[in-house]
Amino acid sequence: MATFQVEYSKTSRAQCQTCQRKIDKSSIRVGKMVHFDNILIGRMGLVWNHYTCFWGPLYSSGNDWASSVNNWDNFEGIDQLNVEDQKMIHLKIKGVPMDDYAVELAEKNAEAQAEAELEQKKAALEQKKVEAEEAAEADAAFADSPETIIYNMINKDLDVMKVTDIKEVIK
């Protein structure tokens, strides 16, 4: 499991653990996995920081995790960011700009993600269309009275019924 999580903030509800201000929606945030001690249970969780606060002197001073910040593998979610933000984070973590191959790979990954999102949206629209058609069929099927519905259901399977008395009563 990665020690750090990098992502665009989904909402504006998270609070930076360094400066105590809200992290704006869609801005880059960096989360650090920490252990929360509780009287009943202890659990692991993320504490979020603004990108600038995470790399700033206020947050990093006195922390024992400084060596793990310099390891690209300790960060999860970087591949979900746009290429420019990946370049910026790469420079911070490794101290050197991304090479051309890594940039090309990131751009291909971004294109693949965009295509996958488009396919998901298409699939969701198709599913909504199918659900709407099924709802319309259900509404049409139950527009009649219950007696008519039952009569139609029985008539549909009348030829496979075995009891001749029932067949005669229904006809």
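Ser26 lies in the loop between strand 1 and strand 2, where strands (E, at least two residues) and helices (H or I, at least four) are DSSP runs numbered from the N terminus. The phi of Ser26 is near 75°, a positive value in a residue other than glycine. Most residues other than glycine have a negative phi. Gln20 is also placed in the loop between strand 1 and strand 2, and its phi, near 70°, is positive too. Gln20 is partly exposed, with a relative accessible area of 45%; here buried means under 20% relative accessible area, exposed means over 50%, and partly exposed lies in between (1.4 Å probe, protein chains only).

The model is a predicted one, in which local features need pLDDT of at least 70 and side-chain atom pairs count only at pLDDT 80 or more, while totals for chains, interfaces and linings use all residues. Residues are numbered from 1 along each chain as its sequence is written, and side-chain values use heavy atoms, with hydrogens and water left out.

Now for the overall picture. The protein chain contains seven helices and four strands, and reading along the sequence gives the pattern β-β-β-α-α-α-β-α-α-α-α. Of its 171 residues, 29% count as buried. The chain exposes about 12300 Å², of which carbon and sulfur atoms supply 55%; these areas come from the Shrake-Rupley method with a 1.4 Å probe, and for residues only the protein chains shown count as cover. Among contacts (heavy atoms within 4.5 Å) between residues at least 6 apart in sequence, 40% join residues at least 24 apart.

The inside of the model comes next. A nonpolar core is a set of buried Ala, Val, Leu, Ile, Met, Phe, Trp, Tyr and Cys residues joined through side-chain atoms within 4.5 Å. The largest such core has 13 residues, and those with the most contacts inside it are Val6, Phe54, Trp55, Phe75 and Ile89. Two or more residues come from each of strand 1 (4-8), strand 2 (28-36), helix 1 (51-55) and helix 4 (83-94). Helix 1 gives the most, with three residues. Trp55 touches Val69, Phe75, Lys92 and Ile93, not counting residues up to four places away in sequence. A second, separate core has five residues, among them Ala14, Ile23, Trp48 and Cys53.

Strand 1 also holds a charged-looking puzzle piece worth a visit: Glu7. Glu7 is buried, with a relative accessible area of 13%. Its side chain takes part in polar contacts, that is, pairs of N or O atoms within 3.5 Å; within protein, one atom must be able to donate a hydrogen and the other to accept it, and residues adjacent in sequence count only if both atoms are side-chain atoms. One such contact, of 3.1 Å, joins the side chains of Glu7 and Lys10, and another, of 2.4 Å, joins those of Glu7 and Arg29. Leaving aside neighbours within four places in sequence, Glu7 is in contact with Ser27, Ile28, Arg29, Trp48 and Leu81.Further along the chain, Asp79 is found in the loop between strand 4 (75-76) and helix 4. Asp79 is partly exposed, with a relative accessible area of 39%. Although Asp79 and Val6 are 73 residues apart in sequence, their C-alpha atoms are 9.2 Å apart in space. Beyond its neighbours within four places in sequence, Asp79 is in contact with Gln86, Asn109 and Gln113.

Helix 4 itself has twelve residues and reaches 16 Å from its first C-alpha to its last, close to the 16 Å expected at 1.5 Å a residue; the expected span is 1.5 Å times one less than the number of residues. At its N-terminal end, helix 4 is capped by Asn82, with a side-chain oxygen 3.2 Å from the backbone nitrogen of Glu84. Which residues of helix 4 are buried? They are Val83, Asp85, Gln86, Ile89, His90 and Ile93. Seen down the axis of helix 4, these buried residues fall within an arc of 150°, so they line one face of the helix; the arc is that of the directions from the helix axis to the C-beta atoms. An α-helix has 3.6 residues a turn, so residues three or four places apart point the same way. Helix 4 is followed by Gly95, whose phi is positive, near 80°.

Helix 5 (residues 100-141) has 42 residues and reaches 61 Å from its first C-alpha to its last, close to the 62 Å expected at 1.5 Å a residue. Its buried residues are Val103, Ala106 and Gln113, and what covers them includes helix 4.
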